[in-house]
Amino acid sequence: MNQDYILDVQKIKKSFQQGDHLIEVLKGLELQLKHSESVAIVGRSGSGKSTLLSLLAGLDRADEGDVVFQNRGYSSMSEEDLTLFRGRHMGIIFQQFHLLPHLTALENVSLALEILGESKDVVDRAYNSLEQVGLKERANHFPGQLSGGEKQRVAIARSMVINPDLLLADEPSGSLDEDTGEEVMELVFELVEKKKKALVLVTHSVPLASRCNRVFRLEHGVLRPEVLE
Amino acid sequence: MNWRNLGLLSLREMLNHPRFVLIFVLNASLGLVGLMAVEHFKFSFNSVLEQRSRTLLGADLGIRSRQGMPKEELNKILERLPEGIKSYRQLSLFSMVQSAEQSRLISLRGIERKWPFYGGLELSKQGIFPRKVQKRAHFLKSGEVWAYEELRLQLGVEVGERIKIGGKDFRVADFVIEDSQQTFDQGGLAPRVFMRLDDLEKLDLVGSGSRYSERWYFKWPVPINSRELTSKVQKLEELLDDPAVEMLSPQKSSNNVGRTLNYLNDFLSLVSLVSLFLACVGLFYLYRSYLNNRRVEMATLCCLGLSRKKIFQLYLFHLTALSLLGTFFAFGISLVLFPLVSQLLSVFLPFDLPSYSGLRPFLIGGSVGLLGQWLLAYPLLKPIFSVRPQQIFQSLEDDSEKSGLLSMILSFLPWCLFYWALAIYASNSLIIGSAFVGIFIGVSVFAFPLGSFILSFLEKLELPGPLHFRLAIKTLTRFRFSSLSLFISLVLGSLLLNIIPQIEKNLQEEIQAPANEQRLPGLFVFDIQEEQVEPLKTMMKENDLKLQGISPLVRARIMRINGEEFKRADSESLTREEERTKRMRNRGINLTFRKELAESESLLRGRHFTQTYDSESDELPEISVEYRYAGRIGLEIGDTVEFDILDMPIKARIVGIRQIKWTSFMPNFFIVFQPGVIDDAPKTYLAVSPALETERKVWLQNEITKRFPNISMIDVESVITKLMSLLKQMSWALQVMALLSIFVGLFVLYSLVQHQMNQRKKDMTLLKVLGMRPNQLKKTILIEFLAISLCASLFGGLISLGVTFVFSYFFFDGIWTFDLLTPFLIALLLTGVCLAVSFVAARSTIKVRAQKLLQEFV
């Protein structure tokens with residue numbers, strides 16, 4: 001693997017059994033991502049974007065090929081190693097936010113650090129992360145007391161607090177109105193640029209995709225570079 | 001929308017959520033099944049008793065006196081009976097029978113040729129007596145007896161051999177294999193021996209002061225149905241003045257036979273109500289969560305034009321359909337369980353029961369199930385009226401109106417009242433039913449704020465520790481409603497599991513303690529004639545034994561209390577307390593006199609006698625009364641009671657209320673006179689022998705029987721053994737029913753946990769995505785349920801100590817032993833089982849793959 005690349009997806013294939021049929025979702029997909037580079041992936045519903053994201057996050061394993069991240073191939077790692085690896089190096093932002101409803105904003109953010117076994121300055125770091133997304137004063141509020149945009153900011157704070165090398169964002173503005181979505185994405189890009197993180201963004205939005213360094217379209221199980229007008 | 005469409009909509013709702021329907025219906029049916037099985041059993045048993053009632057009595061009606069039958073009373077009845085009525089007379093008493101080697105207490109029956117009008121005996125050699133078709137089997141000749149089969153071994157005699165009764169020899173003509181009139185009155189302590197009535201009258205056993213019962217039985221000249229017969233018997237009983245004389249009816253006979261079992265059925269029904277309560281807790285939680293998840297749908301329906309009232313009806317329909325399904329399942333399961341219940345109670349059953357007792361138990365169980373659900377429907381469905389359709393465009397997470405505490409309590413009130421009424425119906429007792437409901441609802445009501453307080457405290461505490469520990473505590477403290485629902489269910493389960501063995505242990509210890517400490521008498525001796533007291537004492541003394549507790553027994557009737565006539569209780573008794581009071585009022589009374597309190601007595605109120613009565617004095621003679629008896633017939637210190645002692649009226653004043661330790665098995669009396677009042681009345685004596693080794697006891701019994709054939713004796717040890725065995729059987733039956741309740745509780749736990757886990761699937765998966773290992777997740781869940789189940793089990797165990805203390809204070813004269821070990825062990829066992837159940841329920845959620853978060857939940 002080229003040392004410039006933080007992520008190298010090597011001809012991965014993935015299929016799913018549906019009844020009697022075998023559905024090939026990814027058919028030898030390739031992708032290389034440099035440090036601090038942002039990549040947008042567009043595609044129709046059902047094209048395999050979620051499957052790709054699962055494989056990139058190490059939540060699932062490819063049938064063939066490999067995902068190499070930080071010079072470590074997923075295929076050689078155990079489930080436990082992969083879980084730890086993901087927790088340490090990757091931040092994930094979901095369309096539906098996915099905050100734990102019975103934890104406050106601060107607790108949701110600090111949870112990511114606690115899962116890694118960190119104990120030093122956990123609360124301070126969580127506070128800082130919330131401050132960076134403009135929600136320090138809402139630290140003790142529960143998700144049920146926050147708006148959609150605020151929830152997504154907390155989710156962003158959670159993904160950034162661990163100082164990940166790679167951010168995976170699955171339609172982060174998909175559940176938000178246009179203005180709020182724009183604000184949230186502005187925040188994401190600002191943080192990514194400021195902290196020099198690599199970003200894989202799955203989106204339907206052309207304007208958002210165009211803000212990334214490169215855009216790919218997932219079609220027929222492979223990625224093709226997309227030229228946006 | 002019309003009813004049909006509402007119904008179809010609710011049916012579609014059920015078909016779309018089959019898992020929820022299954023869990024709900026199973027919960028509902030398990031909650032009802034215990035009650036239905038007991039109702040099945042009760043109906044079956046009582047219907048068979050009713051069918052056999054005339055066989056049990058041996059006649060259509062009868063009249064009984066506990067001494068000689070007063071002629072006037074008998075004539076009152078005879079005058080009102082129709083022409084052509086047939087009758088026979090019978091005497092019965094306790095006596096001793098002696099063979100060459102052994103002696104035994106028997107229940108001796110003097111019968112006439114016409115006995116009985118219904119039913120009969122199955123004899124080992126002659127077969128059925130009386131035979132219907134062929135000519136009558138050979139009736140007893142003079143000098144012959146028929147004895148119960150068990151006496152063959154006990155006395156070591158065979159047919160044709162001789163035994164002694166009342167000092168005279170009788171030939172054993174046959175043994176009785178089956179007696180259609182067999183009851184459990186004596187609990188098998190005194191097997192029956194039948195002889196000719198004229199033979200019995202010639203014995204010196206029936207003398208003045210002796211305890212015997214005279215009965216007259218009648219057969220109606222034309223067929224008469226039970227209801228008409230009962231009505232006639234009631235009218236005849238109103239004519240009787242002497243409380244020692246009572247009418248006998250088939251219904252009374254069957255009530256007597258079924259009394260022990262009916263008491264047990266009462267408690268079995270009560271215990272089964274615990275299953276119902278636990279199931280209701282579970283169902284409430286499940287349905288509430290279900291409705292919470294339907295709020296978006298409800299808001300959508302509102303937006304589409306369906307009124308909240310219609311939505312309420314829709315879900316009421318839904319709830320009703322689910323309850324009906326649950327009831328049907330419960331009926332099916334109870335039919336399967338019914339043979340098990342019969343088997344469990346077979347030791348109390350004098351006959352086999354049919355396997356199906358009709359639809360009535362189902363109707364009762366069904367009514368309880370439906371009505372219970374409807375009464376819970378209001379608090380459950382009330383939130384529907386607070387759904388605001390405009391919030392469909394926003395997050396619906398926090399839109400429900402929080403109802404005030406008073407409003408919440410009031411909404412549960414109808415259900416609580418229903419449950420109370422059910423408990424009274426199940427126990428046939430206002431006191432016990434109320435106490436039962438009081439305990440369970442009280443514990444729940446107490447456990448709720450206590451649990452809330454503990455959770456608040458834990459939340460504020462911010463305990464340190466590993467992540468899985470802190471996450472578990474946070475989940476517990478923040479999903480408060482589900483945590484508390486689980487907590488209360490387990491507290492009640494633990495309480496129930498602890499109460500029955502504790503009460504059994506307390507009773508066992510109380511009964512056995514005197515035996516273990518050798519304070520128990522060996523033989524309880526009765527029917528000692530006055531002139532036999534000294535010779536008996538001498539005989540005992542010659543053998544280095546002392547006759548103890550020698551107490552005179554004088555038969556009497558209560559005529560007036562405070563100047564008012566003491567009438568028999570003729571009205572129908574609705575509760576067990578009324579039944580007991582009625583029995584107390586319809587008996588003659590045994591009196592004694594003594595200067596000091598006996599060792600087994602203590603004074604509760606007032607004073608004991610200070611001196612022998614002075615007949616010259618103007619003061620009334622003094623008596624003291626046992627406190628429970630006083631309560632039952634309404635006596636208090638200062639009251640005057642007028643007695644009839646063999647036609648001599650004697651008035652006395654109550655000066656003291658006593659408590660008696662009945663488990664001392666010493667001669668004890670409800671009413672005690674001061675000396676100098678009834679000393680000269682005709683009397684017999686009671687006494688006890690000291691505790692003896694078996695061989696010596698048998699020898700003493702034989703010796704007394706030989707020298708004093710009219711004296712009867714009860715082996716106290718065998719009474720205790722019999723009592724303990726009965727207690728054990730009853731306790732076993734109750735514990736099986738309690739286990740059913742525990743099973744329901746565990747099933748409720750399983751459904752609640754599984755439901756919770758389903759709700760938290762997303763959270764669990766998210767934790768995996770964030771890097772939490774499956775092991776850590778498992779530990780989180782285990783700690784959560786360990787905390788709830790251990791706290792609840794221990795709490796329930798501790799409360800059970802308090803409950804059994806209160807119970808024993810009010811119902812068992814304060815018999816109570818402090819025992820921490822049993823509740824502790826039960827808590828450990830219950831915690832282990834709960835953990836296993838919780839883990840099984842949560843397992844599938846833990847296994848959900850992390851990538852599902854990106855698919856299923858989007």
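Me: How much area does chain B expose, and what share of it do carbon and sulfur atoms supply?

Reply: Chain B exposes about 38,200 Å², and carbon and sulfur atoms supply 58% of that. Accessible areas come from the Shrake-Rupley method with a 1.4 Å probe, and for residues only the protein chains shown count as cover. This is a predicted model, in which local features need pLDDT of at least 70, side-chain atom pairs count only at pLDDT 80 or more, and totals for chains, interfaces and linings use all residues. Residues are numbered from 1 along each chain as its sequence is written, chains are lettered from A, and side-chain values use heavy atoms, without hydrogens and water.

Me: How do I read the packing of helices H7 and H19 of chain B?

Reply: Two packed helices are described by the angle between their axes and the distance between the axes. Here H7 (residues 250-293) and H19 (residues 716-759), both of chain B, pack at about 0 degrees with axes 9 Å apart. That makes H7(B) roughly parallel to H19(B) (angles under 35 degrees). Axes are lines fitted to C-alpha atoms over the stretch in contact, and angles run from 0 to 180 degrees between N-to-C directions. Helices are DSSP runs of H or I, at least four residues, numbered from the N terminus.

Me: How many disulfides does the structure hold?

Reply: A disulfide is a covalent bond between the sulfur atoms of two cysteines. The cut-off is a pair of cysteine sulfur atoms within 2.5 Å, and the structure holds 0 over all chains. The sulfur of B:Cys416 is 10 Å from the closest cysteine sulfur, in B:Cys280, too far for a bond.

Notes:
Helices (H or I, at least four residues) and strands (E, at least two) are DSSP runs, numbered from the N terminus. Angles under 35 degrees count as roughly parallel, over 145 as roughly antiparallel, 65 to 115 as roughly perpendicular and the rest as oblique.
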